[in-house]
Structure formats: C-alpha cells, structure tokens
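Student: I am new to this structure and would like a close look at a single part of it, with the surroundings explained along the way. Could you take me through it slowly?

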Amino acid sequence: MAFVNYLLKRFGFMLVTLFLVTLITFGLTKILPGNVALLILGPNATEASIAQLEAQLGLDQPLYVQYVDWVAGLLSGDMGMSLRYNVPVFDLIALRLPRSLLLAVTATIISVTLSIPLGIIAAVRKNTPADLTASMLAFIGLSLPIFLWGLVFIYVFALTLGGFPTRGYVSPMVDPIASIHHLILPASAMGVALTAYIMRMTRSSMIDELSEDYVEFARSKGLSERAVVLRHALKNAAIPVITVVAFQFSYAFGGVVVLEEVFSWPGIGRLTLTAIENRDIPLLQGSIIVIALIYMLSNFLADTFYAYVDPRIRYGGSE
Amino acid sequence: MSTNRFQLTEERKAHYGRFIRQFRNNQKAVIGLGIIVVLFFVAIFAQKIVVPYIDVTIQPFSLVPHDPEATNVQNREQAPSMEYLMGTDNLGRDIFSRVLAGARISVLVGFTSISIAMIFGTTIGIVAGYYQGLVDEGLMRAMDAMMSFPPILLALTIVAVMEPNLVNLILALAFVYTPFIARVARSAALSVRNESFVEAAVARGESDTYIIFREVLPNCVGPLLVQGSINIAFTMLLEASLSFLGLGVQPPTSSWGLMINQGWAFMGDAPWLVFFPALAIATAVIGFNLLGDGLRDVLDPKGEIIE
C-alpha cells in the first residue's frame, strides 16, 4: 500500500516537525524580557517572595526541565495559568478558539463560492475583456494586506452605507441573528482577500484541463460546452483547487491575528496580541502552539489529500 | 566543453541576450520593473541622507514638499489640495511627504530582509539538495518547523520578544522567509544534482565548494530570482501588517503601515489618511508581484515556487 506508507512517512515527519515547533515556541517566549514573578507580584515585592514564587512556578529549574514540564503539561491539556487573567490558559483558548475558527471557516466558504465560478468563467473566456478584468482584480487583491480589506469593508459597508457593526462579536448561542450580523463584515473581508488566490488557481488549472485531449473528445461527441466544462474539465481541475482551498484555510487562520484586531473580534489572534502586550508568557506559549498546530494540521490534510488523488506526488520523492 | 572557456562564455552571452529579449517582450515584467525603479528613486531621493555621528550629507536632494514629521494642529485633516496633494493627517502632517518618506522604510525592509533570507536560505537549500541524506533531512525538518507557524504570527512574536524596531523587524522577516528560499533552492539543486555537468565535475575531482558555487548555484538562479521577487512582495505586506499592529517601525518614522495604524480611527471623516498609504502599499506590492510573475514566464524555472 503505497499510500499508507506515504501517509505514515508524512505523519512521522509531522511529529518531528511538531517537536521542533514546541522547541521554537518555548525558546522564543523565553527570550521575552521581564521577570515573570516580578510581574505577578508587582514592583513592591520582596526578594524572598519573588524567589518563593519562582520556585513555585518552577522558574528556578534549568531550562530543559522547564521545557519538559511544559510539553508534559501540553500533552495532558495543562498549559499553565495565565498571568494576566489568572485562569487556566486552556480555558481561555477553549473559549476563544471556536470564535476564530468560525471566522476562518466562514471566510473560506465565502471565498470558495466567489472564486470558483469566477475562475471557471475566466478560464472559459480566456483572454476576453471579462477574463482580463477578473485576472487584474485578482492580481490587485493579492497585493493588499488582509487588514486593509477589513478597513475597506468597514469604510464602505459600516461607515458609508451603514447597517453593519464595525466591531465586536456576539455568540450564536445567545443571539443568532446579531451573531451573523457581526460576522458578515470580517468574514467577507477575509473571504474577498482569499478569493484572489483561489480564483487564479481555478483559472489556471481549468485552462490546463480545457486544452486536454479528452475535452476535445467530449466536444466532438457533440456535448454542449456547458456540459464539457462542468462535467468533464471541472472534475479534474478540482484537484489542485481543493488543495489550494485547504491551504487557504490555513492562510485565513494565520490572517485572523490581524483581522481580529481590526474588528475587535475576541478570538485567539487577539488573545495572542494581549499576551504579548502583557508579557503573559504561559498564555503566549499556549496560543502560539495552538495556532501553529491548526495551521500545520490543515496543511498536512491538504498535502495528504493531494497525494491521495494524485499518485505522482507519492513517487516524486521531493515532498 | 568546460575545457574551452571561450565557447562557454559565448554560450552564456547568447543565453543572456535571449533572457533580455524575452524580458523586454513580457509586459508584466517590464511594468513591474518600472514600478520598482520609481519606488527606488523615491526611496533614495525622498529626503536627504545624512550619515549619523559624522554629519556628512551623502544625498542632498529631497523630493518631499513638506517636512514629513512637522506637525501643525491648525492644519489637521485637510482634504487633498494643491498645497497638500494627499491632504494632511490628524496632526496636520503632509500625507504626500509622509508617503514618499515611507517608501524608504518599505524598500529598506523588503530588500535587506530578503537579501539576508536569500543568503541563508540559498546556502541551506543547496547544501541540503547537494548532500542529501541526513543533512538534507535535518535541515529540511528545521525549515518545515519554521514554516509551521503562520508567517505573521512568527514575525510578530520575534519582533515582540526582541523589542519592536527597524533592525529587529528586518531580522524577524529574514528569519520568517529563509525556509521559503531554502525549499526553492533545495528543489532547484536536486534537479541539477544528477545532471551530467555536475557528475563530470565530480569525476574531475573538483571540490564540493567548487561544485556547489560554480556548477549548482548558477543553475538555481532562475527559481531563486522568482521566489525572491515574490517574497519581497510578501515582506512588504507583512511589514505593513506588523506596523499596523504597532509592532513594526516606531513613530515618528513614517511607514505606510504605521500611517494606516495612526489614521484609521479618523477614516470616517478623513478617508485620505488611510487611502493614500494603502495605495502606496498596493502599488509597491503589485510591482514586485508583476516582476515575479513576469520572471516566472521568462525563466520558466524548474521546481517549486511557493506563493
């Protein structure tokens, strides 16, 4: 079973990478200046109480012991206590993560519904004014930072046209309508930002497929152009596009860090920024590792899916 | 063939000429390069350059019509006019002058960080691709780990833990983009590793250093140029995002991202505070994206390019 072997190998790679990711996260957050015990106790703390707290938090241990403790904690779901909020980091992340996922998933859905039809139309009408306009817009879309899309949407739909809140989050459990109302702007801003890339990918893989022999054959059978495009070419063009969608989800998830700041969306991205502002090391470590884990997993799934549908990847050797 | 150096240079010359011709015929590449040239011109001549400590002026011209840092509260939030082409901001500073001055930061950050990433990334990638085996595994797993963080998250964490300033920003972005370059260099190196000219060099008993620098590296230039150009565009986007979050260059230096950070609270009444720096970011990024796309058409690099 070549595919099972491939999967096991990739999975093994991912575990090694995951180990390195924990090392980088731990190492980076340890550089952060500021004495944690002093931060907790305030400037009037005595040296004895600082030393006592450090011993209690394990900060007097050698770095590798602290690292091992931290990883052991991670594996059992214990990420320590947040210094700023004084509650377990795990609880904070468990509350904020679903909100970020909601934003990233909605954005991905919006961008897929926009970009795939656009990409197909551009490919079918290759080099017509419609295609050139769409391609040019996509190119401009690729060249704007995500936060700017957020500002454009706030300016146009909230400040100028009105009717949408510029900031905040409402839980769908509390008030589903208000929740969607708050979700629309940030999710569309990110969705549009992602559209450019998926549209370009759909267009170029559709163009490749439309020049294949089997498409010519389907046409010569007398099938309508619509049937040729939708039933034959799209099926094969979908492979690279689905991979890109998975990659784009991970990209969206990275983008939430900035976009959440623009829309005051209380997700894991803002949590990370708060952790940085407050020198809250346990919280920073926890949020970074969780974001990296989700980012890695969606990339892993994209790779795996690609290899599953396209066996050439598995034998290619160079990942 | 390698015994006849003359023939080789002729061949290189022809190759070079073909590249120039194709480049000139590629609209995207030419427009991209045009934008970049203007951007450089603005970055260099926007303001005087005075070497600190010794007080020597090495660039005596300035394109800016007003002092980009001079505040004038009576003049705040003026709409664009002949006097203030892009209006004034909430402190009465001339936005046109600040946009011109901001080009310097964008170009400086984009170029230096990608140059550093190119040096480290190319070395790591070519060594991994050339030696293969355990060296390759070790290096590439480390690169994978660096790429397992969303670029923005990695960059902002590094900047935040080291203290946000220009130098740390450049170093953080160089760190973030090194694995992108390394992967491209590795796959290019892999594709030439088994070519006959490399095997011939091994058979001649050339040293590894000679083979890496004289045989493998020149054949990786194409993909690296394409990746480098695209990554400069990325870096500029990332610099804007970090500055927007307040984790990039610090005031009073003007950077496009920072201008948007300071201006977006006033966006409702004075959209020009955000519009013009945003336009500048988009233009610069489009320039490098166009050049990257054009170079890709012209050079048709083997191996992967990571977007």
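Student: Before we turn to the place where the two chains meet, what percentage of the residues of chain A count as buried? After that, please look closely at the contact between chain A and chain B.

Tutor: The model shown here is predicted, and in it 47% of the 319 residues of chain A count as buried. Chain A is built from 13 helices and has 0 strands, and its C-alpha atoms fill a box of roughly 85 × 55 × 35 Å along the principal axes. Among the contacts in chain A with a separation of 6 or more, 74% join residues that are 24 or more positions apart. The surface that chain A exposes comes to about 15,600 Å², with carbon and sulfur atoms supplying 66% of it.

One residue inside chain A may help before we move to the contact. T108(A) sits in helix 5, which covers residues 89-124 of chain A, and T108(A) counts as buried because its relative accessibility is 9%, where buried means under 20%. Leaving aside residues up to four places away in sequence, T108(A) touches L194(A), V245(A), F249(A) and A252(A).

Now to the part you asked about. The size of an interface is often given as the accessible area lost when the parts come together. For chain A and chain B, about 3,700 Å² is buried between them, and 78% of this lies on carbon and sulfur atoms. The contact draws on 41 residues from chain A and 43 residues from chain B. Across this interface there are 2 residue pairs in polar contact and 1 salt bridge. The salt bridge is formed by R200(A) and D293(B), whose closest N and O atoms are 3.5 Å apart. On the side of chain A that touches chain B, the elements giving two or more residues are helix 1 (2-31), helix 6, helix 7, helix 8 (176-210), helix 10 (225-262), helix 11 (268-277) and helix 12 (281-309) of chain A. The largest share of that side, 9 residues, is supplied by helix 1 of chain A.

Two of these elements deserve a closer look, beginning with helix 6 of chain A. Helix 6 spans residues 129-142 and holds M136(A), a residue that counts as exposed because its relative accessible area is 56%, and exposed means over 50%. Although M136(A) and A196(A) are 60 residues apart along the chain, their C-alpha atoms are separated by 9.6 Å.

Helix 7 of chain A, residues 146-160, contains V152(A), which counts as partly exposed because its relative accessibility is 36%. Together with V156(A), F157(A) and L161(A), V152(A) makes a nonpolar surface patch of about 310 Å².

Helix 7 of chain A also brings us to the other chain, where helix 10 of chain B covers residues 256-263. This helix of chain B is largely enclosed by the rest of the structure, because 6 of its 8 residues are buried. Those buried residues are W256(B), G257(B), L258(B), M259(B), I260(B) and G263(B). They pack against helix 7 of chain A, and within chain B they pack against helix 2 (27-45), helix 3 (95-131), helix 9 (221-244) and helix 11 (272-299).

Key: Residues are numbered from 1 along each chain as its sequence is written. Chains are lettered from A and ligands numbered from 1 in the order in which they are written. This is a predicted model: local features need pLDDT of at least 70, side-chain atom pairs count only at pLDDT 80 or more; totals for chains, interfaces and linings use all residues. Side-chain values use heavy atoms; hydrogens and water are left out. Patches are made of residues with over 30% relative accessible area and no salt bridge: like charges are joined within 9 Å, nonpolar side chains (Val, Leu, Ile, Met, Phe, Trp, Tyr) within 5 Å. Accessible areas come from the Shrake-Rupley method with a 1.4 Å probe; for residues, only the protein chains shown count as cover. A salt bridge is a side-chain nitrogen of Lys or Arg within 4 Å of a carboxyl oxygen of Asp or Glu. Helices (H or I, at least four residues) and strands (E, at least two) are DSSP runs, numbered from the N terminus. Buried means under 20% relative accessible area, exposed over 50%, partly exposed in between (1.4 Å probe, protein chains only). Contact means heavy atoms within 4.5 Å. Buried area is the accessible area (1.4 Å probe) that two parts lose on being put together, summed over both. A polar contact is a pair of N or O atoms within 3.5 Å; within protein, one must be able to donate a hydrogen and the other to accept it, and residues adjacent in sequence count only if both atoms are side-chain atoms.
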